[in-house]
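Student: Please take a close look at the empty space in this structure. I would like to know what lines it and what packs around it.

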Amino acid sequence: MLQTALDFLVLPYVQSTIWILVVTISVILTVAFSVLFERKIIGWMQLRKGPNRVGSIFGFWPGVFQAFADVLKLLIKEVIVPARANKVLFGIAPIVTLVPALATWAVVPLSPDLVIADIDAGLLYVLALTSMGVYGVIIAGWASNSKYAFLGAMRSAAQIVAYEIAMGFALVGVIMAAGSLNLGEIVRQQQGGFLAWNWFWLAPLTVVYIISAVAETNRAPFDVAEGESEIVAGFHVEYSGIAFALFFLAEYANMLLISALTAVFFFGGWISPFEGYLSPDNILAKPGFPWLGLKMSMFMFFYFWLRATFPRYRYDQIMRLGWKILIPVTLVWIAAEGVMVYFKVGPWKV
């Protein structure tokens, strides 16, 4: 019996299912604590207290259970559906927004030997799923039968489409550098120390990608979709309870995903920054998930830092930045990268 159980556990689809559950649960728990850390960090930056009432561990970390209290509160609140809303689409919209943010993790290489689906078209899979989120936003705004929600959905959709184009062009440069659409191969191509990572030779594309990622996830200072002073919380204004919580779960899950993808595409993923500078036997030079987790944490902190620092931009400023600045920058640098590839300059000299 024991041998039969062990044989069952080593089956590929069983292992994939186990890792899917592990990654999904880990992402959800990380999202819960990210909300707490964001409130703590922004409180520290703005010289005020963050959450400090709900729970502590032996007197330390006051407020550590605040995120779980918020989830419990939202679970027991009533979900109110507007009388004239399209009830089917109204219920589907939060799911359409959340599922792509979780499903994209299937192709993210977490370590040299761990990826749920090691597919050659991984980058296309990422682009396809990350583009799905806009449908949830549009459906939520339209199905609510509210002018405020619909206006917020249209603003958000226009913003997401504009910055998706810039983000896609930035990733064209990554494909040219790696010569592959496989995310694991993109990471391995960056071996050789932190100066061999893509950020060095693709610096303008790195900046464009990071800015586009902030706009893509509707985060400050690009959070015009949730401009409370203008459109009353935007596309999800008619949502309450757990349906409302799912939109924010999707937002923070997307932040976590974008942080991981930024590390994978431009900052070496699970590769150590000391690789090539220290002995391969040194623990600091060994690749692994801790390095990816550290880089993700840095980008999440960057998200919080931006929110605490910059005021919200006007909508026309956001659209001008996306269409008139970021997209031309990516096109120019892709052309420059093509010249470097042709003349075998930098990482293409071999």
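Tutor: What follows is an account of the chain as a whole, then its enclosed cavities, its open pockets and the packing around them.

The model is a predicted one. The protein chain has 14 helices and 0 strands, so the order from the N terminus is α-α-α-α-α-α-α-α-α-α-α-α-α-α. Its radius of gyration is 21 Å, close to the 20 Å that the globule rule gives for 350 residues, so the chain is as compact as a globular protein of that length. The C-alpha trace spans about 65 × 65 × 45 Å along its principal axes. Of the 350 residues, 46% are buried. Among contacts with a separation of 6 or more, 74% join residues 24 or more positions apart.

Now to the enclosed space. Rolling a probe the size of a water molecule over the atoms shows where empty space is left. Searching the whole structure in this way gives 5 cavities of 30 Å³ or more, and the largest of them has a volume of about 330 Å³. Its lining holds 24 residues, and those closest to the centre are Thr97, Gly133, Glu216, Thr217 and Asn254. Two or more lining residues come from each of α4 (87-103), α5 (122-130), α6 (133-143), α7 (147-178) and α12 (241-266). The largest share belongs to α12, with 7 residues. By class, this lining has 13 nonpolar, 8 polar and 3 charged residues.

The second largest cavity holds about 50 Å³ of space. Its lining consists of Ile210, Ala213, Val214, Ile258, Thr262, Phe299, Phe302 and Tyr303. At least two of these residues come from each of α10 (203-216), α12 and α13 (289-309). The lining has 7 nonpolar residues, 1 polar residue and no charged ones.

One residue of this lining, Tyr303, can be followed further. Tyr303 sits in helix α13. With a relative accessibility of 4%, below the 20% cut-off, Tyr303 counts as buried. Leaving out residues up to four places away in sequence, Tyr303 touches Ala213, Val214, Thr217, Arg219, Met255, Ile258 and Ser259. Of these contacts, Ala213, Val214 and Ile258 are themselves lining residues of the second largest cavity. Thr217, another contact of Tyr303, is listed among the residues closest to the centre of the largest cavity. The C-alpha atom of Tyr303 lies 9.8 Å from that of Pro221, although 82 residues separate the two along the chain.

The open pockets come next. The largest pocket has about 1000 Å³ of space. It is lined by 39 residues, of which Val35, Glu38, Phe244, Phe248 and Tyr252 are closest to its centre. Each of α2 (12-45), α3 (66-76) and α12 supplies at least two residues of this lining. Its classes are 23 nonpolar, 3 polar and 13 charged residues.

The second largest pocket has a volume of about 450 Å³. Of its 20 lining residues, Ser26, Thr30, Leu256, Phe289 and Met296 are closest to the centre. Helices α2 and α13 each give at least two residues to this lining, and α2 provides the largest share, 9 residues. The lining divides into 15 nonpolar, 5 polar and no charged residues.

That leaves the packing around the space. In soluble globular proteins, nonpolar side chains tend to be buried together. In this model the largest nonpolar core has 67 residues, and Trp105, Tyr209 and Phe265 have the most contacts inside it. Helix α12 gives the most to this core, with 14 residues. Tyr209 touches Met167, Ala170, Leu171, Ile258, Leu261, Thr262, Phe265 and Phe266, with residues up to four places away in sequence left out. Two of these contacts, Ile258 and Thr262, belong to the lining of the second largest cavity. Another core lies apart from the largest one; it has 11 residues, including Ala85, Ala93, Val137 and Phe247.

To draw this together, α12 recurs. It gives the largest share of the lining of the largest cavity, supplies at least two lining residues to the second largest cavity and at least two to the largest pocket, and gives the most to the largest core.

Technical notes. Residues are numbered from 1 along each chain as its sequence is written. This is a predicted model: local features need pLDDT of at least 70, side-chain atom pairs count only at pLDDT 80 or more; totals for chains, interfaces and linings use all residues. Side-chain values use heavy atoms; hydrogens and water are left out. On a 1 Å grid over the protein atoms alone, a cavity is a set of points where a 1.4 Å probe fits but cannot get out, and a pocket is an open set with protein on both sides within 12 Å along at least five of seven lines; lining residues have an atom within 4 Å of a point. Grid points are joined across faces, edges and corners, and a volume is the space filled by probe spheres set on the points. Helices (H or I, at least four residues) and strands (E, at least two) are DSSP runs, numbered from the N terminus. Ala, Val, Leu, Ile, Met, Phe, Trp, Tyr, Cys and Pro count as nonpolar, Asp, Glu, Lys and Arg as charged, and the others, Gly among them, as polar. A nonpolar core is a set of buried Ala, Val, Leu, Ile, Met, Phe, Trp, Tyr and Cys residues joined through side-chain atoms within 4.5 Å. Buried means under 20% relative accessible area, exposed over 50%, partly exposed in between (1.4 Å probe, protein chains only). Contact means heavy atoms within 4.5 Å. The radius of gyration is taken over C-alpha atoms; the globule rule is 2.2 Å times the number of residues to the power 0.38.
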